[in-house]
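Please look over the sequence and the structure before reading on. The report below goes through some charged pairs, one buried arginine and two helices.

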Amino acid sequence: MIRVLLADDHALVRSGFAMVLSVEDDIEVVAQASDGAEAVAAARDGAVDVALLDVQMPVMDGIEATRRIVGTGCAKVVIVTTFDREDYLFDALAAGASGFLLKNADPDDLVEAVRAVAGGHALLAPEATLRVIRALTTDPPAPPPSPADPSPPDPARRRVLDSLTEREHEVLLLVSDGLSNAEIAQRLFLGPATVKTHVSNILAKTGSRDRVQAVVFAHRAGLVD
């Protein structure tokens, strides 16, 4: 059972999230808080696996609450906010958040985020994923290789790409396009379990912790633009 803490200064939002999560057999909402300080106290006092935190809350904002909750190892954090702001995104990730969602996301996205983060992965809204990729792949321009050294700039990553099967290449390309496992399964006429296996193999071969890192790897290896 995944134990969840909800923190938002709007009771209606907390109630809505609780309704979405309570119908899942493997998720239980064990605590709620109306501000960041209450969230930190609830995470420390109770057995919580995942905390869903808003950013703008009284007493203590969600970013500082994330820093304290993650810093003490009480729980993993998913930021759920109305505001699609780049500073919120990167401040949340720097504070240790494992997920970042917008409140206009589908209910299924919220459930998926809780399960992914509880399982040790990261999950970001598509808008946030694109910004992280751009930030992580914006490197200073490398000098052109000399005629005496025509080797590619990153042969290690290219060798890893060569170790992927043709189907894993296809799946990685679709992951880089932001498709979910279900969408990839539909596109490639595969079963969801098969796609999940391919994604797990890709993460293992590329040494990626989650899908975001795998996409960054694909960019830096030159697989996608």
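## A salt bridge between two helices

In this predicted model, K205 is partly exposed, with a relative accessible area of 35%. Its salt-bridge partner is E168, and the closest N and O atoms of the two are 2.9 Å apart. The pair links distant parts of the chain, since K205 belongs to helix α10 and E168 to helix α8, 37 residues apart. Unlike K205, which is partly exposed, E168 counts as buried, at 3% relative accessibility.

## Other salt bridges

The structure holds ten salt bridges. One of them joins K103 to D8, with 2.7 Å between the closest N and O atoms. K103 lies in the loop between β5 and α5, and D8 lies in the loop between β1 and α1, so this pair ties together parts that are 95 residues apart in sequence. K103 counts as partly exposed at 25% relative accessibility, while D8 is buried, with a relative accessible area of 2%. Salt bridges that share partners join D8, D54 and K103 into one network.

Another salt bridge is formed by the side chains of E24 and R115, at 2.7 Å from N to O. This pair also links distant parts of the chain, with E24 in the loop between α1 and β2 and R115 in helix α5, 91 residues apart. E24 counts as partly exposed at 22% relative accessibility, and R115 does so at 36%.

## A buried arginine without a salt bridge

R14 is found in helix α1, which covers residues 11-22. R14 is buried and yet has no salt bridge, as the nearest side chain of opposite charge, that of D8, is 5.7 Å away. The side chain of R14 does, however, make a polar contact of 3.2 Å with the side chain of Q32.

## Helices α10 and α11

Helix α10 has 15 residues, from 192 to 206, and spans 21 Å from its first C-alpha to its last, close to the 21 Å expected at 1.5 Å a residue. Which residues of α10 are buried? They are V195, H198, V199, I202, L203 and T206, and because they cover an arc of only 135° around the axis, they are on the same side of α10. On the other side, A193, K196 and A204 are exposed. The buried residues of α10 pack against α7, α8, α9 and α11, and α10 is followed by G207, whose phi is positive, near 70°.

In helix α11, residues 211-220, the buried residues are V212, A214, V215, V216, F217 and A218. D210 caps the N-terminal end of α11, with a side-chain oxygen 3.1 Å from the backbone nitrogen of Q213, and just after the helix G222 takes a positive phi of about 85°.

Terms used:
Residues are numbered from 1 along each chain as its sequence is written. This is a predicted model: local features need pLDDT of at least 70, side-chain atom pairs count only at pLDDT 80 or more; totals for chains, interfaces and linings use all residues. Side-chain values use heavy atoms; hydrogens and water are left out. Buried means under 20% relative accessible area, exposed over 50%, partly exposed in between (1.4 Å probe, protein chains only). Helices (H or I, at least four residues) and strands (E, at least two) are DSSP runs, numbered from the N terminus. A polar contact is a pair of N or O atoms within 3.5 Å; within protein, one must be able to donate a hydrogen and the other to accept it, and residues adjacent in sequence count only if both atoms are side-chain atoms. The expected span of a helix is 1.5 Å times one less than its number of residues. The arc is that of the directions from the helix axis to the C-beta atoms. Contact means heavy atoms within 4.5 Å. Lys and Arg count as positive and Asp and Glu as negative; His and the chain ends are not counted. A salt bridge is a side-chain nitrogen of Lys or Arg within 4 Å of a carboxyl oxygen of Asp or Glu.
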